[in-house]
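Colleague: Thanks for making time to go through this one with me. Could you bring it up so that we can talk it over?

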Amino acid sequence: MSTSTANALPELATRRQVAEFLQISVGALARWAMEGKGPRFVRFGGSGATLRYRREDVLNWIESYGKSA
């Protein structure tokens, strides 16, 4: 992945930004999070917490799909 493509995603991205970057729906990304299948995310605060995805975690998650099982 090129640096310019990777930089299109902020260092701490919202779920909507990650969904747009991955070209999937926000609902799909949310479902993956509930199932433990999507990229790692961090939660700031308690109930109703702000959820963010680190760019590095998203890119590493994408790269993991290029490797053989």
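Modeller: Happy to! A definition before we start: two strands pair if DSSP finds at least two bridges between them. Please also keep in mind that this is a predicted model.

Colleague: Good to know. In what order do the strands form the open sheet?

Modeller: The chain has 4 helices and 3 strands, and along the sequence they follow the pattern α-β-α-α-β-β-α. The 3 strands make an open sheet with antiparallel pairing. S1 and strand S2 (42-44) are the edge strands, each pairing on one side only. The order is therefore S1-S3-S2.

Colleague: Which residue in S3 is the bridge partner of Ala-13?

Modeller: Let's look at S1 and strand S3 (residues 50-54), which run antiparallel. They are joined by 2 bridges, and two is enough to count as a pair. Within S3, the bridge partner of Ala-13 is Tyr-53.

Colleague: Which residues is Thr-14 in contact with, leaving aside its neighbours within four places in sequence?

Modeller: Thr-14 sits in the loop between strand S1 (12-13) and H2, and it is partly exposed at 24% relative accessibility. Its C-alpha is 9.5 Å from that of Phe-41, with the two positions 27 residues apart in sequence. For contacts, heavy atoms have to be within 4.5 Å. Leaving aside neighbours within four places, the contacts of Thr-14 are Leu-51, Arg-52 and Tyr-53.

Colleague: Now for the helices. How are H2 and H3 placed, roughly parallel or roughly perpendicular to each other?

Modeller: Helix H2 (residues 15-22) packs with H3 at an angle of about 110°, and their axes are 8 Å apart. Angles of 65 to 115 degrees count as roughly perpendicular. H2 and H3 are therefore roughly perpendicular.

Colleague: And how many residues of the contact of H2 with H3 are nonpolar?

Modeller: From H2 the contact takes Arg-15, Arg-16, Val-18, Ala-19 and Leu-22, and from H3 it takes Val-26, Leu-29, Ala-30 and Ala-33. Of these residues, 2 are charged and no polar ones take part, which leaves the nonpolar group at 7.

Colleague: What about the loop between H2 and H3: is Gln-23 buried or exposed?

Modeller: Gln-23 is found in that loop between H2 and H3. Its phi is near 60°, a positive value in a residue other than glycine. The relative accessibility of Gln-23 is 73%, and the cut-off for exposed is over 50%, so Gln-23 counts as exposed.

Colleague: I'd like to hear about the rings too. How is the aromatic pair of Trp-32 and Trp-61 classed, as stacked or tilted?

Modeller: The count comes to 3 aromatic pairs. For Trp-32 and Trp-61, the ring centres are 5.6 Å apart, with 45° between the planes. Under 30 degrees would be stacked and over 60 edge-to-face. The pair is therefore tilted.

Colleague: Why does the pair tie together parts that are 29 residues apart in sequence?

Modeller: Because its two members belong to separate helices: Trp-32 lies in helix H3 (residues 26-35) and Trp-61 in helix H4 (residues 55-64). Trp-32 is partly exposed, at 24% relative accessible area, while Trp-61 is buried at 16%. Ring pairs also link them into a cluster with Tyr-65. So the reason is the placement of the two rings, in H3 and H4.

Colleague: One last thing: what percentage of the residues of the chain count as buried?

Modeller: Buried means under 20% relative accessible area. Of the 69 residues of the chain, the buried share is 29%.

Methods
Residues are numbered from 1 along each chain as its sequence is written. This is a predicted model: local features need pLDDT of at least 70, side-chain atom pairs count only at pLDDT 80 or more; totals for chains, interfaces and linings use all residues. Side-chain values use heavy atoms; hydrogens and water are left out. Rings of Phe, Tyr and Trp (its six-membered ring) pair if their centres lie within 6.5 Å; planes under 30 degrees apart count as stacked, over 60 as edge-to-face and the rest as tilted. Buried means under 20% relative accessible area, exposed over 50%, partly exposed in between (1.4 Å probe, protein chains only). Axes are lines fitted to C-alpha atoms, for helices over the stretch in contact, and angles run from 0 to 180 degrees between N-to-C directions. Angles under 35 degrees count as roughly parallel, over 145 as roughly antiparallel, 65 to 115 as roughly perpendicular and the rest as oblique. Ala, Val, Leu, Ile, Met, Phe, Trp, Tyr, Cys and Pro count as nonpolar, Asp, Glu, Lys and Arg as charged, and the others, Gly among them, as polar.
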